[in-house]
Amino acid sequence: MSSSGSSYGDIHRYEPARESTVAAIAIVVLTIIEVVFVGVFTYGLVSAWGTTQAGNIYLGLLLAAIFINLAFILVLYRKEFLPDVMIVKKRRRKWEDLYVRGDQADGGEYWDGAWEHVKRAVYPYHKR
C-alpha cells in the first residue's frame with residue numbers, strides 16, 4: 001500500500017507483517033532452547049566451571065550459543081511480525097550537519113558575533 005503524500009511524516013509505504021504460524025512455533029522452540037542454555041550457563045557459573053581451562057572454554061561456548069540463539073529469535077520476529085513502514089523524512093542539507101544556520105552556509109567574517117558565541121557557550125540560556 002502506497003500513498004501519494006510527500007509532506008513530512010506521511011507514510012510512503014506500508015506492508016503488513018506476514019505473521020506466519022511456522023515462525024511463531026520456531027520462536028517458541030528457540031525461546032525454550034534459550035532458557036535451557038541460560039540455565040546451564042548459570043549452573044556452570046554457580047558450580048565454578050570457569051576455574052579450569054576446559055570449563056572456561058565451555059562457558060564461553062555456552063555464552064556464544066546464547067547470543068546466537070537470541071539473534072535468530074530477533075531476526076525471525078523482525079522479519080515475520082513487524083510491518084514494513086517507510087515514512088517521508090525531511091531532507092537535511094550539508095550545512096545542517098555542521099550545526100550552522102542556513103543564512104551562514106556561504107560563510108562570513110570570522111569575528112562577526114564572536115562575543116555572542118562565547119556568551120552562548122558559557123551561558124546557554126542567554127536571552128536574545
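**Figure 1. Surroundings of Glu-80 in the predicted model.** Apart from neighbours within four places in sequence, Glu-80 is in contact with Ala-17, Arg-18, Glu-19, Ser-20 and Ala-23. Glu-80 itself belongs to helix α2, which comprises residues 53–81. With a relative accessibility of 9%, Glu-80 counts as buried. Two of these contact partners, Arg-18 and Glu-19, are exposed. Ala-23, in contrast, is listed with the buried residues of helix α1. The coordinates shown here and in the other views are those of a predicted model.

**Figure 2. The salt bridge between Arg-18 and Glu-80.** The structure holds one salt bridge. This salt bridge joins the side chains of Arg-18 and Glu-80, with an N to O distance of 3.9 Å. The pair links distant parts of the chain, since Arg-18 lies in the loop between β1 and α1 whereas Glu-80 lies in helix α2, 62 residues apart. In general, side chains of opposite charge can pair when their charged atoms come close. The two partners differ in their exposure to the surface: Arg-18 has a relative accessibility of 57% and counts as exposed, while Glu-80 is buried, with a relative accessible area of 9%.

**Figure 3. Backbone at Glu-19 and Ala-48, two residues with positive phi.** Most residues other than glycine have a negative phi. Glu-19, although not a glycine, has a positive phi of about 55 degrees. The residue is found in the loop between β1 (11–15) and α1 (21–46). Its relative accessible area is 55%, so Glu-19 is classed as exposed, the threshold being over 50%. Ala-48 likewise has a positive phi, near 60 degrees, and is not a glycine. Ala-48 is located in the loop between α1 and α2. At 38% relative accessibility, Ala-48 counts as partly exposed.

**Figure 4. Packing of helix α1 against helix α2.** The buried residues of α1 are Ala-23, Ile-27, Leu-30, Glu-34, Phe-41 and Gly-44. These buried residues pack against α2. For the 26 residues of α1, a rise of 1.5 Å a residue gives an expected span of 38 Å, and the C-alpha atoms at the ends of the helix are 38 Å apart, which agrees. Helix α1 also has the highest mean pLDDT among the elements of the chain, at 97.

**Figure 5. Asn-69 and its contacts.** Asn-69 is placed in helix α2. Its relative accessibility is 5%, and Asn-69 therefore counts as buried. Once neighbours within four places in sequence are set aside, the residues in contact with Asn-69 are Leu-30, Ile-33, Glu-34 and Phe-37. Among them, Leu-30 and Glu-34 are buried residues of α1.

**Figure 6. A nonpolar surface patch on strands β1 and β2.** Ile-11, Tyr-14, Val-85 and Ile-87 make a nonpolar surface patch of about 320 Å². Strands β1 and β2 (84–87) each supply at least two residues of this patch. One of the patch residues, Ile-11, lies in strand β1. Ile-11 is partly exposed, with a relative accessible area of 43%.

**Figure 7. His-12 and Val-85, distant in sequence.** His-12 is found in strand β1. At 36% relative accessibility, His-12 counts as partly exposed. The C-alpha atoms of His-12 and Val-85 are 7.6 Å apart in space, although the two residues are 73 residues apart in sequence. Val-85 is also one of the residues of the nonpolar patch. Across the chain, 67% of the contacts between residues at least 6 apart in sequence join residues at least 24 apart.

**Figure 8. Helix α3 in the context of the whole chain.** Helix α3 (residues 94–97) has the lowest mean pLDDT among the elements of the chain, at 54. Where pLDDT is low, the predicted coordinates should not be read in detail. The mean pLDDT of the chain is 80, with 70% of its residues reaching 70 or more. The chain has four helices and two strands, arranged along the sequence in the pattern β-α-α-β-α-α. Of the 128 residues in the chain, 11% are buried. The chain exposes about 10,900 Å², of which carbon and sulfur atoms supply 63%.

Methods:
Residues are numbered from 1 along each chain as its sequence is written. Side-chain values use heavy atoms; hydrogens and water are left out. Buried means under 20% relative accessible area, exposed over 50%, partly exposed in between (1.4 Å probe, protein chains only). Contact means heavy atoms within 4.5 Å. Patches are made of residues with over 30% relative accessible area and no salt bridge: like charges are joined within 9 Å, nonpolar side chains (Val, Leu, Ile, Met, Phe, Trp, Tyr) within 5 Å. Accessible areas come from the Shrake-Rupley method with a 1.4 Å probe; for residues, only the protein chains shown count as cover. A salt bridge is a side-chain nitrogen of Lys or Arg within 4 Å of a carboxyl oxygen of Asp or Glu. pLDDT is the predictor's confidence in each residue, from 0 to 100. The expected span of a helix is 1.5 Å times one less than its number of residues.
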